[in-house]
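Here are a few exercises to work through with the model open. Try each one yourself before reading the solution.

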Amino acid sequence: MLKTAQDLIKRAGERLGITQADIEYLLKTEAEHEFDIELANGERFKAFRTQHNSVLGPYKGGIRFHPEVDAEEVRALATLMSLKTAAVGLPLGGGKGGVAVDPRQLSQDELEELSRKYVAGLKEYIGPNKDIPAPDVNTNARVMDWMVDEYEKLTGDTSHASFTGKSLERGGSRGREAATGHGGIIVLREVLDELKDDKNPTTIAIQGFGNVGIFFAEIAEKDHANWQLVALTDSSGGVYNPNGLSAKSAHRFKREGGRLVEYGAAHAGTITNDELIATDVDVLVLAALGDVINEQNMYTVRARYVLELANGPISEKAYDYLTKKGIIIIPDILANAGGVVVSYLEWLQNKAREHWPEQRITQELEQYLTAATRNIFKRAVLDKISPKEAAISIAIERILKARNSRRL
Ligand code: NAD
C-alpha cells in the first residue's frame, strides 16, 4: 500500500512537471513515532503514529487497532491522509496511527488501558494544534473518549479538541458516526449526476459491513429509491439477492449477534468475498480493508463504478487495469473524505466551545464534498486523466502552494 501511495505521488508529480525535490518533499514523512505498550498483565504491543505533512494545518488521521498494523502501513495511510485533506480543501495535514493488536482478545479494561497508554506514549507530539487523531478500523467513540480524557489529564487541556470522533457527551459532533458512509453517498450521487447516469435501478454491492458500510447502505436505502442493494459481505462472507435486499434488516440481524453469511443462508442466498468482487452490478463499494482488488482478482470485476470507501482498496496494477477497461474508480481520498470533513467540523466546534445542530453539519458536509467532487471530475475531464490522478494533482498543487507561500 505504501508503494501504491508513493507511486501515485511520483506519477502525478511527473505529469505536473514538478521538480524531483518537490516530489521528495511530498513523499517524506515529517515524523514517525514507534513505541511499545505494556499492559499490567505483561502483554506487549507495538504502537505507531506517523505525521506525514503539516503544511496545510495540524496532522489529522485515524488510529487503527489491528494485528496487521505495521510502520509501513501507517506511513502509507498517513500519506493518503495528507492527500485527502488537501484534495477536499481542508486546512489540515495528514497523519495516521495504530497498534498491532487484535482488540477482540482484550477485555474492556485492557482495551481502556491500551488506549490510555497509547496517548501517554504520544502526549508531547499530539494536541489540538499539532495532531488530532480520530477513529479508524476497530476504534470508536468510546476509545476516543478514553484517549481525550487521558490527554486532558496529562496536559491540562480542557478543549476536547485533541481527538475527534468522540461521543456527544465528550464533545463529539452530531453526524460524525455516519459521516464517512454519508460522504460516500454524497460523492456517488454527485458522480452519477455529473455523468448523467440515472439508471433505475442502479445496483450496488458492498464489501465490508462495519461502521462505514452500514451507514452507506442504510442512507442509500433511505434516500435513494432507485439504488438497489444486491450484495453485502463482512469478513464472514455475506448475502446476495439479485432482486434486492434490506440493509436495515441485515444490520438488525448483525446487531443481534448473527453473521452476514448466516443472514444470507436464512434470507436470500450466500456469497463469498471473491464472488462479491465479481458481482455483476453497477456500483461496487469497497468498505473493508486495503488491497482487496489486486492482480489475482482484477480480471473478475464487472461493476461500472468502484467506490473506494476503504483506504487503498485497489492495488496500483489493478487500478491501471480497471481504468483501461473503462471502469470509473471513485478514489478513496474523495469517496471516504466525509469522516475527515466532519472531524474537522468537530474540531472547529470544540475550539469555539459550540455544539452545532445536525442540519448544519449535513449542510457543510454537502458543501465540501459536492465542491470537491465537481472540482475533481472537472479536472479529470480537462486533463484527460482518471479521477484519482485528478484528486492527487489538486492535492499536490495545494500542498506545494502552501509550502511555497511559507518560504516567501
Ligand atoms: P469496521 O471495522 O467498522 O468495519 C470493517 C468491516 O469490514 C467489518 O464488517 C469487517 O467484517 C469487514 N471485513 C474485514 N475484512 C474483510 C474481508 N476480507 N472481506 C470483507 N469484509 C471484511 O471499519 P470501518 O470504520 O467501517 O472502516 C472500513 C474502511 O473504511 C477501512 O479501510 C477504514 O480505513 C476506512 N475508513 C474509515 C473511516 C471511518 O470514519 N470509520 C474513515 C475513512 C476511511
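**Exercise 1.** By class, how many nonpolar, polar and charged residues does the shell around the ligand have?

Solution. Keep in mind that this is a predicted model. Sorting the shell by class gives eight nonpolar, 10 polar and five charged residues. Next, look at who comes nearest: of the 23 residues around the ligand, these are Arg64, Thr180, Asn211, Val212 and Ala288. Finally, check the domains: domain 1 (30-170) and domain 2 (179-335) each supply at least three residues of the shell.

**Exercise 2.** Find which atoms of Thr180, Asn211 and Leu309 lie close to ligand oxygens, then work out how much of the ligand the protein buries.

Solution. Start with Thr180, where a polar side-chain atom sits 2.7 Å from a ligand oxygen. For Asn211 it's a backbone N or O atom, 2.9 Å from an oxygen of the ligand. Leu309 also uses a backbone N or O atom, at 3.5 Å from a ligand oxygen. Now the area: on its own the ligand exposes 830 Å², and the protein buries 83% of that.

**Exercise 3.** Inspect the backbone of the loop between H6 (179-194) and S6 (202-207).

Solution. First take Lys196, which is in this loop. Its phi is positive, about 50°, though Lys196 isn't a glycine. With 72% relative accessibility, over the 50% cut-off, Lys196 counts as exposed. Then move along to Pro201, also in the loop: the peptide bond joining Asn200 and Pro201 is cis, with omega about 0°.

**Exercise 4.** Which helix and strand elements do the buried residues of H2 pack against?

Solution. List the buried residues of H2 (20-27): Asp22, Ile23, Tyr25, Leu26 and Leu27. Their packing partners are helix H1 (2-16), strand S2 (44-53) and helix H15 (387-407).

Terms used: Residues numbered from 1 in each chain as written. Predicted model: local features only at pLDDT ≥ 70, side-chain atom pairs only at ≥ 80, totals over all residues. Heavy atoms only, no water. Near = heavy atom within 4 Å. Polar contact = N/O pair within 3.5 Å; in protein donor to acceptor, adjacent residues only side chain to side chain. Areas by Shrake-Rupley, 256 points an atom, 1.4 Å probe, with all protein chains shown as cover. Nonpolar A, V, L, I, M, F, W, Y, C, P; charged D, E, K, R; others polar. Domains from an automatic or database assignment. Buried < 20%, exposed > 50% of the residue type's maximum accessible area, 1.4 Å probe, protein only. Helix = DSSP H or I, 4+ residues; strand = E, 2+ residues; numbered from the N terminus. Contact = heavy atoms within 4.5 Å.
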